[in-house]
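Visitor: Could you walk me through one part of this protein in detail? I would like to begin with a single helix and then see how it sits in the rest of the chain.

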Amino acid sequence: MITAFLPYSGSEYSKSAIDALIYNKEISKIYLLTTSEFNSSITGCEFLKSDNLTSTQLINSIIEKTETEYVLLFTQDNKYEFSQFAIERFLNVIASTGAGLVYSNYNTIKGNILEPHPVIDYQIGSVRDDFDFGPVLMLNSEFLKSYKSEKNYLFAGLYDLRLHISRVGEILRIPEFLYTTIETDTRKSGAKQFDYVNPKNREVQIEMEAAFTEHLKKIGAYLEPSFKEIEFDGENFEYEASVVIPVKNRVKTIGDAIESVLSQKTDFKFNLIVVDNYSSDGTTEKIKSYAEKDSRLIHLIPDRKDLGIGGCWNEAVHSEKCGKFVVQLDSDDIYANENTLQKIINLFYKEKCAMVIGSYRMTNFKLEEIPPGVIDHKEWTDDNGRNNALRINGLGAPRAFYTPLLRKYKFPNVSYGEDYAIGLMISRDYRIGRIYEPIYLCRRWEGNTDAALEIDKQNYYNLYKDRLRTIEILARQRTARSSDPPEDGEV
């Protein structure tokens with residue numbers, strides 16, 4: 001019933017996984033995937049050499065070697081221990097449902113500690129190339145063999161295959177812990193989240209973007225590089241720009257953020273709206289002390305007590321004191337220099353864009369640069385940026401918006417992903433301008449909310465952003481259909 005493909009580098013820990021596969025009656029054949037030659041032989045196994053274990057060439061070799069109905073594919077060279085009848089459980093689910101791919105929760109060993117590692121359900125918007133399936137997948141050979149590669153990818157072959165399967169079949173999660181493996185990436189979540197903008201991964205990301213763009217075209221969600229025109233003279237505003245800082249319990253950092261804004265040098269009138277979401281640690285009193293000294297600071301305390309960061313943004317944007325353009329600053333961070341605000345507003349007029357996104361530098365509290373350094377999102381292009389935005393997990397900072405449009409769209413009332421949601425909505429119709437020099441300092445400290453997230457919180461956040469992508473893909477498909485002329489008899 002099953003052909004197994006297992007990465008192999010000669011490690012001793014592979015023996016237990018190989019033994020488990022050899023003695024399982026459902027396994028017909030075992031191929032050991034390698035990137036180098038092995039002179040030795042292993043009973044019951046054949047070697048299958050590839051240039052890269054994520055390449056199109058390997059996928060084609062797997063297709064060629066598969067003569068069974070199903071494939072058990074391991075994506076990491078690691079230690080594996082299966083739970084009771086785990087392989088049979090994979091087989092039962094994929095055979096009974098006819099799914100194209102199934103995956104499951106799993107356990108990890110970190111040091112000497114066994115920890116559960118739940119994963120999340122796949123949906124239309126689960127198009128991130130770093131979506132966590134775990135390292136064990138079962139594939140339906142019917143859908144595997146229907147894959148025909150249009151490009152020869154070195155890094156994006158497996159990703160391209162997964163996108164293909166999502167188009168032609170179901171991808172299902174088994175909500176059970178079917179195996180245990182060793183955790184190989186022990187970095188904190190705050191470090192992992194920047195892998196996609198690391199210059200060392202640029203070649204990989206170029207391939208991932210190419211594969212994803214083809215996927216969008218095939219599902220009717222690709223947007224051509226044409227944008228609605230925007231004019232900035234439709235409404236009168238007292239202020240040209242407003243900086244917005246939503247804050248709750250940041251007494252140690254809010255002062256630096258406020259001073260960073262009030263020291264800006266501009267040729268236009270601006271203010272600062274600090275939305276104080278019922279702080280209880282002295283933040284409120286600190287904001288009041290600044291507001292008493294400078295009338296440009298608007299200290300806004302909402303009537304509602306159910307607001308997340310997005311809700312606080314809505315309060316500021318719909319305030320009569322809000323300027324024509326609204327610019328973001330987190331309460332932990334500061335602008336890089338006194339010219340940041342001027343550069344952002346200048347770009348709005350130069351490119352007639354609805355949103356501007358800058359670049360930022362990661363620092364400690366001494367303002368010393370820390371890895372990964374400058375986050376500039378240079379992967380963005382005018383032609384394909386808004387398509388590729390659906391694949392990656394963020395758009396960058398600082399973010400700025402044309403206020404009338406922001407009042408129309410409105411932020412979702414959440415405290416994670418609210419900026420990503422609004423950016424996707426705006427990019428559907430309008431141009432987004434980019435500033436590639438660092439104009440913002442993102443200060444990392446022990447209180448940063450995304451510095452070290454537990455797996456349950458990571459899953460909660462990823463599930464939400466995948467849902468945002470699902471909503472956006474469906475909206476773009478609908479937009480594409482409505483722009484096509486109706487056929488005879490079509491309603």
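How many of the 9 residues of helix α10 (residues 309-317) are buried?

Guide: Happy to take you there, and please keep in mind that this is a predicted model. Helix α10 is mostly covered, with 7 of its 9 residues buried. The buried ones are Gly310, Gly311, Cys312, Trp313, Asn314, Ala316 and Val317.

Let us stay with Trp313 for a moment. A search of the whole structure turns up 25 aromatic pairs. In one of them, Trp313 meets Phe401 edge-to-face, with 5.9 Å from centre to centre and 80 degrees between the planes. Trp313 belongs to helix α10 while Phe401 sits in strand β17 (residues 399-402), so this pair ties together parts that are 88 residues apart in sequence. Trp313 and Phe401 are both buried.

A stacked pair makes a good companion to look at: Tyr416 and Tyr461 lie 3.8 Å apart, centre to centre, with 10 degrees between their planes. This pair, too, links distant parts of the chain, with Tyr416 in the loop between α13 (403-409) and α14 (418-427) and Tyr461 in helix α15 (residues 455-483), 45 residues apart. How covered is each partner? Tyr416 has a relative accessible area of 24% and is partly exposed, whereas Tyr461, at 16%, is buried. The cut-off behind these words is 20%, and a residue counts as buried when its value falls under that figure. Elsewhere, Phe74, Tyr80, Phe82, Tyr106 and Tyr179 form one aromatic cluster.

Now back to the backbone, starting with the stretch that leads into β17. The peptide bond from Ala397 to Pro398 is cis, with omega near -5 degrees, and Pro398 lies in the loop between α12 (385-388) and β17. A second cis peptide bond runs from Pro371 to Pro372, with omega near 5 degrees. Pro372 is placed in strand β16 (residues 369-375).

The loops hold two more backbone details for you to find. Leu367, in the loop between β15 (355-363) and β16, has a phi near 65 degrees, which is a positive value in a residue other than glycine. Lys410 is another non-glycine residue with a positive phi, near 70 degrees, and Lys410 lies in the loop between α13 and α14, where Tyr416 also lies. As for exposure, Leu367 is partly exposed with a relative accessible area of 41%, and Lys410 is partly exposed at 41% relative accessibility.

For another helix to set beside α10, turn to α2 (residues 56-65), where Thr56, Leu58, Ile59, Ser61, Ile62 and Ile63 are buried. An α-helix has 3.6 residues a turn, so residues three or four places apart point the same way. The cover over the buried residues of α2 includes strands β1 (2-7), β2 (27-34), β3 (45-49) and β4 (70-74), together with helices α4 (141-145) and α5 (157-168).

Strand β2 is a good place to stop, since Leu32 lies there. At 0% relative accessibility, Leu32 counts as buried. Leaving aside residues up to four places away in sequence, Leu32 touches Leu6, Tyr8, Ile18, Ile42, Cys45, Glu46, Phe47 and Leu48. For a sense of distance, the C-alpha atoms of Leu32 and Gly358 are separated by 46 Å, and these two residues are 326 apart along the chain.

Finally, let us step back to the whole chain. The protein chain has 15 helices and 18 strands. Its radius of gyration is 25 Å, close to the 23 Å that the globule rule gives for 491 residues, so the chain is as compact as a globular protein of that length. Along the principal axes, the C-alpha trace spans about 80 × 65 × 40 Å. Of the 491 residues, 54% count as buried. Among contacts with a separation of 6 or more, 80% join residues 24 or more positions apart. The accessible surface comes to about 22600 Å², and 48% of that belongs to carbon and sulfur atoms. As for charge, the chain has 60 positive and 73 negative charges, and the mean positions of the two sets are 3 Å apart.

How values were computed: Residues are numbered from 1 along each chain as its sequence is written. This is a predicted model: local features need pLDDT of at least 70, side-chain atom pairs count only at pLDDT 80 or more; totals for chains, interfaces and linings use all residues. Side-chain values use heavy atoms; hydrogens and water are left out. Helices (H or I, at least four residues) and strands (E, at least two) are DSSP runs, numbered from the N terminus. The radius of gyration is taken over C-alpha atoms; the globule rule is 2.2 Å times the number of residues to the power 0.38. Buried means under 20% relative accessible area, exposed over 50%, partly exposed in between (1.4 Å probe, protein chains only). Contact means heavy atoms within 4.5 Å. Accessible areas come from the Shrake-Rupley method with a 1.4 Å probe; for residues, only the protein chains shown count as cover. Lys and Arg count as positive and Asp and Glu as negative; His and the chain ends are not counted. The place of a charge is taken as NZ of Lys, CZ of Arg, CG of Asp or CD of Glu. Rings of Phe, Tyr and Trp (its six-membered ring) pair if their centres lie within 6.5 Å; planes under 30 degrees apart count as stacked, over 60 as edge-to-face and the rest as tilted.
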